[in-house]
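Me: I have a model open and would like to learn how to read it. Can we go through it feature by feature?

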Amino acid sequence: MADLLAAQPIDADDAAPVRAQARVNVAAIERNCARLRTELRRGAELCAVVKADGYGHGAVQSARAALAGGASWLAVASGSEVRELRQAGLRGVRILVMGALSVVELEEALAAGADVVVWNERYLQAVADAGGGRVHVKLDSGMGRLGTRDAAEASRVARAARESPGIELAGVMTHFATADDLSDTSFFARQLGAFKSWAATVKAEQPELLVHAANSAAVLRDAEAQFDMVRCGIAIYGMDPFGKDPAARALEPALELSSYVAEVRLCEAGESAGYGRQFVAEQDTRIAVVPIGYGDGWRRGLSNNADVLIGGHRHPLVGTVSMDSITVDLGADARAERLRGKRAILIGLQGSERITAEEVARRLETINYEITCALTSRVPRVYHRDGAVIGEPAAR
Ligand SMILES: *Cc1c(COP(=O)(O)O)cnc(C)c1O
């Protein structure tokens, strides 16, 4: 605590404290894409997955950054996600809609010139009925969700797609169930083997066909899984698909989540902070009130279960996470009063300290994906390029 004061100059923008915001470094997304491309074989394309509003980072800005970083395709999960990208002016780029689509979404996706995924003749007919377009046939090699398990059916659908007027067979694909689990090798290998042999037969009939299977984890674990294109989401945002420290794989987290110290108050021994009195001070201490809560996506499961960086140091989040605020224990030193107005980092760097989405995920017993996706529309996304702000907070 003695160096509380020494640490204060770390905060550059104390002058104008801002409530919960997510600062997204588009240059980091660009570099992560460039970094992923170094893993790729010659000719393999990078498809940037920007579904779920770019994993919470903002779909449009993430897409632009990924394309600048060398991605040549985009992928989303729903009809409205395609529309958002097209309306933002991303017109010349191929977009793959990977999810199951209702008839309305299918029409929306095809009208927007997106590629869609099919796996049976009924679905192929729905594409034809919706006006036709480009399709990718999905083999379920073990994920057990979309796609057909039956390689013969997949081949039949591929042939039917090629022969249907108005429909173009653009690709074949699968999705791995265990790529992110490095302790599993046999199931991953089985999926890869099943897809590889089937894809080879379809590709033999149509050499320009785009064959794709790998998500971020698969790219980083096995070059054999790359085929003609890889579909990377989590890694382009600088998060680690294996839940480890992203730095170990030279990935750079693009998102910083911060708020500020709105109030510092003395909490005397025996007094409590927050709903349900889940924190009771054992000794006199200073409590910071930081305006961010589960209404912002800072989940209630982080009650008494997270650290916050303030003044260049880690401090424990104490008590219950409220909808709009949290309380943080600054310790007994009365000089903590001077931290009022300072920036509070929930995900990101401050001084020599760092909190990753992976750390937060571990505390919640979930995955990093869910941490950034959980950030709500109340949290403005502010875009910058290595510190240079590139626009006003997006209206959301
Ligand atoms: C979301 C998704 C991806 C991207 O996965 P990451 O683990 O984020 O790289 C790839 N393919 C499909 C089918 C997906 O749904």
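**Charge pairs, ligand and fold**

Reply: Start with one residue: Arg363 has a relative accessibility of 28%, so Arg363 counts as partly exposed. Keep in mind throughout that this is a predicted model.

Me: Which residue forms a salt bridge with Arg363?

Reply: The general idea comes first. Side chains of opposite charge can pair when their charged atoms come close. Here the partner is Glu359, and the closest N and O atoms are 3.4 Å apart.

Me: How many residues apart are Glu359 and Arg363 in helix H10?

Reply: They are four residues apart in helix H10 (residues 357-363), so about one helical turn separates them. Glu359, at 11% relative accessibility, counts as buried because the cut-off for that class is under 20%. The pair also belongs to a network: salt bridges with shared partners join Asp307, Arg314, Glu353, Glu359 and Arg363.

Me: How many salt bridges does a search of the whole structure find?

Reply: The search finds 30 salt bridges. One of them joins the side chains of Lys196 and Glu224, at 2.5 Å from N to O. This pair links distant parts of the chain, 28 residues apart: Lys196 is in helix H8 (residues 186-205), and Glu224 is in the loop between helix H9 (216-221) and S9.

Me: Are Lys196 and Glu224 buried or exposed?

Reply: Lys196 is partly exposed, with a relative accessible area of 36%. Glu224 counts as partly exposed too, at 35% relative accessibility.

Me: Which side chain meets Arg286 in a salt bridge?

Reply: That is the side chain of Glu337, with an N to O distance of 3.5 Å. Arg286 lies in strand S14 (residues 285-290), while Glu337 lies in the loop between strand S17 (326-331) and strand S18 (343-350); the two are 51 residues apart and link distant parts of the chain. Arg286 counts as buried at 15% relative accessibility, whereas Glu337 counts as partly exposed at 27%.

Me: Now the ligand. Which residues surround the ligand?

Reply: To read a binding site, list the surrounding residues, then look at the polar atoms. The ligand is surrounded by Val49, Lys51, Tyr55, Met98, His175, Asn215, Ser216, Arg231, Cys232, Gly233, Ile234 and Tyr369. By class, the shell divides into six nonpolar, four polar and two charged residues.

Me: Where do the polar side-chain atoms of Lys51, Ser216 and Arg231 lie?

Reply: A polar side-chain atom of Lys51 is 2.7 Å from a ligand oxygen atom, and one of Ser216 is 2.5 Å from an oxygen atom of the ligand. For Arg231, the ligand atom is a nitrogen, at 2.9 Å from a polar side-chain atom. The protein covers 92% of the 390 Å² of accessible area that the ligand has on its own. Helix H2 (51-55) and strand S9 (229-232) are the elements that give two or more residues to the shell.

Me: What does the secondary structure of the protein come to?

Reply: There are eleven helices and 21 strands. The C-alpha trace spans about 75 × 45 × 40 Å along its principal axes. For the fold as a whole, compare the radius of gyration with the value for a compact globule: near 21 Å would be expected with 396 residues, and the protein has 24 Å, which agrees. Of those 396 residues, 56% count as buried.

Terms used
Residues are numbered from 1 along each chain as its sequence is written. This is a predicted model: local features need pLDDT of at least 70, side-chain atom pairs count only at pLDDT 80 or more; totals for chains, interfaces and linings use all residues. Side-chain values use heavy atoms; hydrogens and water are left out. A residue is near a molecule or strand if one of its heavy atoms lies within 4 Å of it. A polar contact is a pair of N or O atoms within 3.5 Å; within protein, one must be able to donate a hydrogen and the other to accept it, and residues adjacent in sequence count only if both atoms are side-chain atoms. Accessible areas come from the Shrake-Rupley method with a 1.4 Å probe; for residues, only the protein chains shown count as cover. Ala, Val, Leu, Ile, Met, Phe, Trp, Tyr, Cys and Pro count as nonpolar, Asp, Glu, Lys and Arg as charged, and the others, Gly among them, as polar. A salt bridge is a side-chain nitrogen of Lys or Arg within 4 Å of a carboxyl oxygen of Asp or Glu. Buried means under 20% relative accessible area, exposed over 50%, partly exposed in between (1.4 Å probe, protein chains only). The radius of gyration is taken over C-alpha atoms; the globule rule is 2.2 Å times the number of residues to the power 0.38.
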